[in-house]
Amino acid sequence: MSTASYHIVVLPGDGIGPEVTQEAVRVLEAAAEALGFQVHMETHPVGGAAIEAFGDPLPEPVLAACLKADAVLLGAVGGPQWDNLDRSQRPEAGLLRLRKALEAYANLRPVEVPEALANASPLRPELVAGTNLLIVRELTGGIYFGEPRGRNGQMAWNTMRYTREEIERIARVAFQWAARRRGRVTSVDKANVLEVSQLWREVVSRVHREEFPELELEHLYVDNAAMQLVRNPRHFDVVVTGNLFGDILSDLAATLPGSLGLLPSASLGGRVGLFEPVHGSAPDLAGQGKANPMAAILSVAMLLEALGQDVAARLVRRAVDAALAEGVKTADLCRAGETPLSTEAVGRYVANFVRQQATVFT
Ligand code: NAD
Ligand code: IPM
Ligand code: MN
């Protein structure tokens, strides 16, 4: 029997990116070793790190390596030292170019509240317990990429635009996930004000009617959706929305489990998937060993699932749940009186669990 073998490009990036990525890589290596497949990893700078090394947040050879990989694992990019650069030279511009070049138009951002964490949320535990939703964020269009854009001395302008085709394909992704979950899609827009949202609503409704009539579809305006997410999070199954609204709603949804440091993501659509935490480079925590590595580790679980290594993916998720249930957590999840562990200690716990439980689990 031949052993499966994967080529993974690792882009640690800036701030806490390298710290959380190191733990994600530790867990990926543990899973591969314990379950008998191979991963070959190649690390490259991206974002601010690549600006410092090559004067470009996404150097051509780095992009070329990503395009050849089986998957890309990214930490985070950005930091105050690069905030004054021209927009197109900033670390964030490198990330946006990478998403576009990979054609990773479907950004999946699952939000779950593990039982052990209902108390970590700033919201009431009985309100958030049992939350299990999936934000499907359109990632390569909308106002992030729309032309014309620019500024002069007197004003600045951006353009929100979506084509029918862009809306159709992201709607299909949302319905396909809903079919595997609880069967409900909530489409979020601002159709009471924006033409783009009117087209969005029309196209999502048509895809529903023609291709997925057995599923449930509802539409919410984004302002109401923000409130309902906090007021009644268990109502939601799959939430589909555009690039900007999805960015905002996913950080908001991080308050449900209690920390942004728990939310992973997968960006799919092209040949190569991109896997990264929802959070950024957290300059306030960088270099202190305090960052929560779970979002990066759970991004590895999403990567493994996308590669077809379902057992490994489930094992990694089980290890994260076990760690949280045992109180193995960083400061962002600790309540008064609890002792926070370091990024590395949490990563080592998860990796050890993966090694020890692999035989029990398979
Ligand atoms: P951020 O996500 O970096 O941080 C927001 C808050 O969440 C901070 O209080 C931070 O300490 C906390 N936090 C984030 N990740 C955490 C973790 N793993 N563990 C514990 N706490 C965590 O957002 P920001 O401060 O608005 O942005 C900082 C920089 O990151 C900016 O340059 C921004 O452009 C960039 N950014 C990058 C990405 C990305 O690479 N995908 C995403 C968001 C922001
Ligand atoms: C995210 C980030 C990025 C985005 C930034 C860094 C470009 O906030 O991944 O959520 O807005 O998409
Ligand atoms: Mn964001």
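In this predicted model, helix α1 (residues 17–35) and helix α11 (residues 310–325) have axes that come within 10 Å and cross at roughly 130°. Angles of 35 degrees or more but under 65, and those over 115 up to 145, fall outside the parallel, perpendicular and antiparallel classes. The pair α1 and α11 is therefore oblique. The crossing is right-handed. On the α1 side, the contact uses V27, A31 and L35. On the α11 side, V311, A312, L315 and V316 take part. The residues of this contact comprise seven nonpolar, no polar and no charged.

A second helix pair involves α8 (residues 222–231) and α9 (residues 243–253). Their axes come within 10 Å and cross at roughly 20°. Angles under 35 degrees count as roughly parallel. Helices α8 and α9 are therefore roughly parallel to each other. Their crossing is right-handed. Helix α8 contributes V222, A226, L229 and V230, which meet F245, L249 and L252 of α9. The contact of α8 with α9 divides into seven nonpolar residues, no polar and no charged.

Ligand 1 is surrounded by 21 residues. The closest are V77, E92, G280, A282 and D284. Polar contacts to the ligand include both side-chain and backbone atoms of the protein. A polar side-chain atom of H279 lies 3.3 Å from a nitrogen atom of ligand 1. G280 places a polar backbone atom 2.7 Å from an oxygen atom of the ligand. For S281, a backbone N or O atom is 3.1 Å from an oxygen atom of ligand 1.

Methods:
Residues numbered from 1 in each chain as written. Chains lettered and ligands numbered in written order. Predicted model: local features only at pLDDT ≥ 70, side-chain atom pairs only at ≥ 80, totals over all residues. Heavy atoms only, no water. Axes fitted to C-alpha atoms, helices over the stretch in contact; angles between N-to-C directions. Helix = DSSP H or I, 4+ residues; strand = E, 2+ residues; numbered from the N terminus. Left-handed = near helix turned anticlockwise from the far one by under 90°. Contact = heavy atoms within 4.5 Å. Nonpolar A, V, L, I, M, F, W, Y, C, P; charged D, E, K, R; others polar. Near = heavy atom within 4 Å. Polar contact = N/O pair within 3.5 Å; in protein donor to acceptor, adjacent residues only side chain to side chain.
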